[in-house]
Amino acid sequence: MSRPMPSPWCASVLTLFPEMFPGPLGQSLAGRALAAGVWSLDAVNIRDFATDRHRSVDDTPFGGGAGMVLRPDVLDAAIDAVAPNGRMNDRPLLCLSPRGRPLVQAEVRDLAAGPGVVLIAGRYEGIDERVIEARGLREVSIGDYVLSGGELAAMVVLDAVVRLLPGVMGAAESAAEESFAGHLLEYPHYTRPAEWQGRAVPPVLLSGHHEAVAAWRQARAEELTRIRRPDLWAVHTAASRTAAPGGTDQFAVPVVTDRARP
Ligand code: 9D3
């Protein structure tokens, strides 16, 4: 007999552009998992919670300045619709913002291990600070560049999390990801033909000498990381110095110091 379906990992997105969802998340890996009921996606229109006849969601900033601010009353009502205030709310409330803490894989993993997430995708200059305080919103950025809104950033968060949900990735892939040391960039990949447009594949890869191949890949990964990502390289070298022989989780090395969230 078939076992009962586990309740899906549950994502709600609060946005002024709900029609942007699922967008690219309806395709490929995440889309298949969505159709299979591994996760659910609920895009909620913040404007549905406006109270005046103009359905306004924003207002001018106190103290003056450019741009508009998302009203606290409207956003709070929208949050209430998916995470009722004072009730047991087990899903973390994240607010996509260019001033947020940069998203890292450890946080993605934590989200995937939980019941779901509520994502608030802002437009305008920002949202009223008092909602952030009152609801304990965790502000998250996806990197140091300027987007025109939080929706694409919300999709990035969801894509990163959903691929980690049980049954979404292949078992082999997930196992490889689990055991992967983490702080090195990937070595270069090659497939047939062995020569293409006058460019040969590195001969060691055709040698059939597995240890030599592994050593070459390790060296290329380290070289790439050192040159391209000195920040990751510093983590890697610190980890190699402190890690117990036989290997511990190198993500656990105390290089990231800003994990205790206020
Ligand atoms: C001049 C002040 N601007 C901050 C750089 C205001 C502003 C610009 C763009 C406020 C919001 C936005 C829209 N961006 C996001 O909502 C956003 C974002 C981003 O722009 N970069 C990286 N991660 C994220 S998460 C949400």
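This is a chat about the strands, helices and a few backbone oddities of a predicted model.

Student: Before we dig in, what are the ground rules for this predicted model?
Tutor: Residues are numbered from 1 along each chain as its sequence is written, and side-chain values use heavy atoms, with hydrogens and water left out. Since the model is predicted, local features need pLDDT of at least 70 and side-chain atom pairs count only at pLDDT 80 or more, while totals for chains, interfaces and linings use all residues.

Student: Cool. In what order do the strands of the open sheet come?
Tutor: The order is β2-β1-β6-β5-β8, 5 strands with parallel pairing. Strands here are DSSP runs of E with at least two residues, helices are runs of H or I with at least four, and both are numbered from the N terminus. Two strands pair if DSSP finds at least two bridges between them.

Student: And which strands stand at the edges?
Tutor: β2 and β8 (138-141) do; each has a single partner strand, so one side of each is left without a neighbour in the sheet.

Student: How much are neighbouring strands turned against each other?
Tutor: By 35° on average, direction ignored. Axes are lines fitted to C-alpha atoms, for helices over the stretch in contact, and angles run from 0 to 180 degrees between N-to-C directions.

Student: Which helix packs on that sheet?
Tutor: Helix α2 (residues 72-82) does, touching β1, β2, β5 and β6. Its direction makes about 160° with that of β1. Contact means heavy atoms within 4.5 Å.

Student: Let's zoom in on β1. How many bridges join β1 to β2?
Tutor: 7 bridges, with β1 covering residues 9-15 and β2 residues 39-45, running parallel. Valine 13 has alanine 43 as its bridge partner in β2, and leucine 14 has valine 44.

Student: What about β1 and β6, how many bridges there?
Tutor: 5 bridges, again parallel. Serine 12 stands opposite valine 118 in β6.

Student: Is serine 12 buried or exposed?
Tutor: Serine 12 is buried, with a relative accessible area of 2%. The cut-offs are under 20% for buried, over 50% for exposed and partly exposed in between, using a 1.4 Å probe and protein chains only.

Student: What does serine 12 touch?
Tutor: Leaving out residues up to four places away in sequence, serine 12 touches Asp42, Val82, Arg91, Val117, Val118 and Leu119.

Student: How many residues of β1 are buried?
Tutor: 6 of the 7, so β1 is largely enclosed by the rest of the structure.

Student: What handedness does the β-α-β unit have?
Tutor: β1, helix α1 (residues 28-35) and β2 make a right-handed unit. Right-handed here means that, with the strands pointing away from the viewer, the path from the first strand over the helix to the second runs clockwise.

Student: Over to β5 and β6, how many bridges do they share?
Tutor: They pair in the parallel sense over 4 bridges, with β5 at residues 93-102 and β6 at 116-121. Leucine 96 stands opposite alanine 121 in β6.

Student: New topic: at what angle do α3 and α5 pack?
Tutor: About 70°, with their axes 9 Å apart; α3 is residues 105-113 and α5 is 151-162. That makes α3 roughly perpendicular to α5. For reference, under 35 degrees is roughly parallel, over 145 roughly antiparallel, 65 to 115 roughly perpendicular and the rest oblique.

Student: Which residues meet there?
Tutor: Val108, Leu111 and Ala112 in α3 meet Val157, Ala160 and Val161 in α5. By class, that contact has 6 nonpolar, no polar and no charged residues. Ala, Val, Leu, Ile, Met, Phe, Trp, Tyr, Cys and Pro count as nonpolar, Asp, Glu, Lys and Arg as charged, and the others, Gly among them, as polar.

Student: And how do α7 and α8 cross?
Tutor: At roughly 125°, with the axes of α7 (residues 210-228) and α8 (residues 230-242) coming within 6 Å. That makes α7 oblique to α8. The contact has 4 nonpolar, 2 polar and 3 charged residues.

Student: Now the backbone. Where is the cis bond to proline 22?
Tutor: The bond runs from phenylalanine 21 to proline 22, with omega near -5°, and proline 22 is in the loop between β1 and α1. Another cis peptide bond joins arginine 192 and proline 193, with omega about 5°.

Student: What's phi at tyrosine 124?
Tutor: About 65°, a positive value although tyrosine 124 is not a glycine. Tyrosine 124 is partly exposed at 35% relative accessible area.
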